[in-house]
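This report sets out selected features of a structural model for a reader who works with coordinates. The sequence and the model come first.

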Amino acid sequence: MTAETPTPSDFIRDIVAEDVRAGKYEQIRTRFPPEPNGYLHIGHAKSICLNFGIAREFGGICNIRMDDTNPTKEEAEYVESIMTDVRWLIDGWADKHVGGAPFYASDYFERFHECALDLVRAGKAYVDDMTPEETDAYRRQGKVSAYRDRSVEENLDLFARMKGGEFSDGARTLRAKIDMNAANVWMRDPVLYRIRHALHHRTGDKWCIYPMYDWAHTLSDYIEGITHSICTLEFEVHRPLYDWILDALELPEPRPHQYEFARLNLTYSVISKRKLIQLVNEKLVNGWDDPRMVTISGLRRRGVTPSALRTFAYNIGITKYPSMTDMALLEHTMRDEFNRAATRRLVVLRPIKVVLTNYPEGRTEELEAINNPENPNSGTRKIPFGRELYIERDDFMETPPPKFFRLRPGGEVRLKYAYIIKCDEVVKDVAGNVIELRCTVDLDSKSGGPTAGRKVKGTIHWVSAAHAIDAEVRLYDRLFTVPEPDAAGDFKSFINSNSLEVVTAKSEPALADACPEKRYQFERLGYFALDPDSRPEKQIWNRTVTLRDTWAKAQKT
RNA sequence: UGCCUCGUGGUGUAACGGUAGCACUAGAGACUCUGAAUCUCUCUGUCUAGGUUCGAAUCCUAGCGAGGCAGCCA
């Protein structure tokens, strides 16, 4: 579970490497700047792995910074969840490269304000009295505001009164004086400050003017000595403004530079805070950490490991092409890691009883089973065997299709680590449901024994009825029924109503001392992890991912 | 509509003017006391048209297509 990925290579790392080679900066410094207005998702994980990965690979540091410049949307609750998720993802990997306690854009409000005053004094910003609607319309038309040419003194006075709380929300703004005819609309005198009489989660009521993203973000990067400010594609058109701000304030080198990469898209899921929050608020899932969610907390609860997520981030790469990654790649990444690391156990999800008619009543055997065939050091364990067993309902068919290797009337199958059995009789209830199979066991076929050589085509898992432990198992499937739920129409109409199935399973006794840190393979079924709500007296398991199942796949077609 | 960016198999990526490679997926087979894993093999690709060059996925031009931006959100 700790196998690390090789060093990635992509166009951003190429730039960083070149800057390092050229000695452009003393130390590489990146940052991860979430807005605390929601939970982190797998797209953020991509960004975290990029920014912390670069810090790690180039001997630099990466700052965690809450981009908290909009008090009406942000909450302290989110800060906490963000920190939990980031630490979980980077601990033991890049935690040595964290630039200290989390930073907050709001800690720089004073400095942002001073810079704004500098800008006004330099004649590069002005207070505008237009309404939001007017500002909008003028910007579209490239029309100059009537307030654009106010004197520095008047601007200083009005800006001070904005800060002093004299005006209502939206009454005035501070705007950069750039170029109302610029082809890039973000250069058409963008708003730097707006009035918001709102309580901020950290600064309280100290401020009633709040900086806009471009102003705050650029200056935060500069203040923190960020060298490479890496963001997603939608900020590409903001880059000229980013550079303009640094120029306009005549800030000395070294300056940060912005680079953009494509955000992650994943099939059968939605990755946007807006949509994730809808799923939570409309109770279409059970909270932010619902294991079907692609939030980091959801993935964690489902049983995905930080290293698997990092490997996934490595596998998808970094480009500027807005691609659609196949969920199958995430699943493959998990299977690949868990196959090597997971402890094997026998668990029957949907039990059907088997009685071995020729096996002595009251007799119990201890059979030896391998804990992990991929890892010889993991040793063996004992599994109890008796006259009454449970097998998987799917492993018996009364009238099976061709090439069905499991149990059928009159047919034989091997019980893993035990004996070959033959199905003699099918017992049904009045409704015609199969409730019990009466079988005979070939006592010469005991696994590991001298006469175990006889081959049958199928091997199935089982547990001893007398020793089985009941456990709740939550079986998850993809949350959406279509590969691109937000391609057309309402994504919520594509929710998979069968994305969660809860069963009471029968598990072998050795699973009783399972621990939450470990991953388990329930043989022939999938990889499972203990849910945080699990208790020793009643285990709750989450299926992280199924095993590949070519048989099931073949049956569908 | 304007501006910006991006186009390599079904998907995700590599090739930095010199043999289009890797991974996932799909299919076929071998092996198998997990229909898993492992191991073979196979299918499928440089958006189009010009140009530069001994040689172009790569450089240039045009076209086509896709995405992003046009909040007092980030």
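The text below takes up a parallel sheet, the surroundings of the RNA, and the aromatic pairs.

**The parallel sheet**

The model is a predicted one. In it, 3 strands form an open sheet with the order β1-β2-β3 and parallel pairing. Strands β1 and β3 stand at the edges with a single partner strand each, so one side of each has no neighbour in the sheet. In general, the strands of a sheet pair through backbone hydrogen bonds, in either a parallel or an antiparallel sense.

Strand β1 (residues 29-32) runs parallel to β2 and is joined to it by 4 bridges. Within this pairing, Arg 29 is opposite Ile 61 of β2, and Thr 30 has Cys 62 as its bridge partner in β2. On the other flank, 2 bridges pair β2 with strand β3 (residues 103-104), again in the parallel sense. Here Arg 65 stands opposite Phe 103 of β3, and Met 66 stands opposite Tyr 104 of β3.

Two helices complete the connections between these strands. Helix α2 (residues 42-57) makes a right-handed β-α-β unit together with β1 and β2. Helix α3 (residues 76-90) does likewise with β2 and β3, and this β-α-β unit is also right-handed.

How many residues of strand β2 (residues 61-66) are buried? The count is 6 of the 6, so β2 is largely enclosed by the rest of the structure. The side chains divide between two directions: Ile 61, Asn 63 and Arg 65 point one way from β2, whereas Cys 62, Ile 64 and Met 66 point the other way, and all are buried. Arg 65 thus combines a buried position in β2 with a place opposite Phe 103 in β3.

**The surroundings of RNA strand B**

RNA strand B is surrounded by 67 residues, of which the closest are Asp 136, Arg 139, Arg 406, Ser 447 and Lys 553. Of the RNA atoms that come within 4 Å of the protein, 70% belong to sugar and phosphate. By residue class, the surface near RNA strand B consists of 24 nonpolar, 17 polar and 26 charged residues.

Three contacts with RNA strand B are listed here, one with a base nitrogen and two with a sugar or linking oxygen.

| Residue | Protein atom | Atom of RNA strand B | Distance |
|---|---|---|---|
| Met 130 | polar backbone atom | base nitrogen | 2.5 Å |
| Ser 323 | N or O atom in the side chain | sugar or linking oxygen | 3.2 Å |
| Lys 416 | polar side-chain atom | sugar or linking oxygen | 3.4 Å |

Four elements each give two or more residues to this surface: α5 (132-141), β6 (191-195), α12 (327-341) and α13 (550-556). The largest share comes from α5, with 5 residues.

**Aromatic pairs**

Across the whole structure, a search finds 17 aromatic pairs. One of them joins Tyr 359 and Phe 385 in an edge-to-face arrangement, with 5.4 Å centre to centre and 80° between the planes. Tyr 359 is in the loop between β12 (351-356) and β13 (365-370), while Phe 385 is in strand β14 (residues 380-385), so the pair ties together parts that are 26 residues apart in sequence. Are these two rings buried or exposed? Tyr 359 has 1% relative accessibility and therefore counts as buried; Phe 385, at 0%, counts as buried too.

Phe 385 also forms an aromatic pair with Tyr 419, which is tilted, at 5.2 Å centre to centre and 50° between the planes. This second pair links distant parts of the chain, with Phe 385 in strand β14 and Tyr 419 in the loop between β16 (412-415) and β17 (420-428), 34 residues apart. Tyr 419 is buried, as is Phe 385. Phe 385 therefore takes part both in the pair with Tyr 359 and in the pair with Tyr 419.

Elsewhere, ring pairs link Tyr 108, Phe 109, Phe 112, Trp 207 and Tyr 210 into a cluster.

Conventions: Residues numbered from 1 in each chain as written. Chains lettered and ligands numbered in written order. Heavy atoms only, no water. Buried < 20%, exposed > 50% of the residue type's maximum accessible area, 1.4 Å probe, protein only. Pairing = 2+ DSSP bridges. Right-handed = clockwise from strand over helix to strand, strands pointing away. Near = heavy atom within 4 Å. Polar contact = N/O pair within 3.5 Å; in protein donor to acceptor, adjacent residues only side chain to side chain. Nonpolar A, V, L, I, M, F, W, Y, C, P; charged D, E, K, R; others polar. Phe/Tyr/Trp six-rings, centres within 6.5 Å; stacked < 30°, edge-to-face > 60°.
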